[in-house]
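Me: Could you walk me through the packing of this protein, with the cut-offs spelled out?

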Amino acid sequence: MYESEVTNTATPDPIVFNWRTWAFLGIVVMALSSFGPTTIVAPVPLVFAFLIFGRARGFILGGVCFGLSTVLSLSYMNHLGAVGFLLFSLVIAIAISEIILRGIAPDRGLIIVGFFIFAFAMGCIGIYMLWGQNMMKNYVNDFFVIRAESLMKEHADFIAKGGEQARMVEDLLKNPKKLVAEFFKWLPAMFFISMFLTVWFNFFIVLRGSMIWKRVRTYGFTLRHMLIFKTPDFCVWMLIGALAVILGGEFVLGTFSGTGHVIAMNILYCLGAYYFIQGFGIFYEFLFFLKISGFLRAMFLVVTVFFAFRVLVFVGLFDMWVNFRKFFKKINKNKGE
């Protein structure tokens, strides 16, 4: 049986407010949000606050942390990076906690959240195209110009060695405007993937640590339900359409083939996030089938995610037709016989 697979159907204990625990969770959130590598897990303590103390106290804690972080950032750090990360964490925490508080299945919840993230991204792009295009481009262009100069110095040895990749890096760094253009091309996909995978990763941790909040909160789904995530079937047609535009857009779209190619590639990368988590669930189940557990399983997962994530994407995609899990069940059934 999977860890956290037992569904919590018992009557929850009444919520008892403990200000020390509540304040401690806030301190942890602010600490995680202020240090780059840990910002990815900063939503977890906020989710625990929502689940253990309820929506109202969760929002109050988020507001207090946001206010304190703003004051501290302006007073001591002279930049609002930590505030931005904390606001990002609060949005992620609200999305995850609402899925659990409303009793929505993890896989369905992720699809709904993905839809809202995509709609928000499209709305921001629309606002940018209508009003903020020149202002945003000037800001990003200035940032890249300054950053390009420092990167040229940092990677001087790599560029001096020569080679195709070195020439590509040098070309981009010497032409910051080209770098800005490339940045804006892939901005929708980067935004969607970063938001969606952050929600998924933190949701995974929250369900993995359900023993912290399950005494006061009933949720009829577990980690197992999240691991059997399946991308909606209609996404296959979006995938086929995007591939058709990429491969034959010049004949179909004519002069608009360049724009069509960028849009299609963004769609392809966004769909890749869905197929990635589907492939991850299959790989996790495969390790469980092989009876690999504990630290060794964690190492396999980390190595695969960082170095073979494309394999997980293809596994998730082809699972739409192959159904890899049936082979695990078939082998187990043969062993039983």
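Here are some questions and answers on the fold, the core and the aromatic rings.

This is a predicted model, where local features need pLDDT of at least 70, side-chain atom pairs count only at pLDDT 80 or more, and totals for chains, interfaces and linings use all residues. Residues are numbered from 1 along each chain as its sequence is written, and side-chain values use heavy atoms, with hydrogens and water left out.

Me: How many helices and strands are there in the protein?

Reply: Happy to help! Helices (H or I, at least four residues) and strands (E, at least two) are DSSP runs, numbered from the N terminus. On that basis the protein has 15 helices and 0 strands.

Me: Which element gives the largest share of the largest nonpolar core?

Reply: A nonpolar core joins buried (under 20% relative accessible area, 1.4 Å probe, protein chains only) Ala, Val, Leu, Ile, Met, Phe, Trp, Tyr and Cys residues through side-chain atoms within 4.5 Å. The largest one has 54 residues, and Phe196 and Trp213 are among those touching the most other members. Contributors of two or more residues include α5 (106-154) and α12 (257-289). The largest share, 10 residues, comes from α9.

Me: How far apart in sequence are the parts that the pair of Phe204 and Phe280 ties together?

Reply: Rings of Phe, Tyr and Trp (its six-membered ring) pair if their centres lie within 6.5 Å, with planes under 30 degrees apart stacked, over 60 edge-to-face and the rest tilted. Phe204 and Phe280 are edge-to-face, at 5.9 Å centre to centre and 85 degrees between the planes. Both residues are buried. Phe204 lies in helix α9 and Phe280 in helix α12, so the parts tied together are 76 residues apart in sequence.

Notes. Buried < 20%, exposed > 50% of the residue type's maximum accessible area, 1.4 Å probe, protein only.
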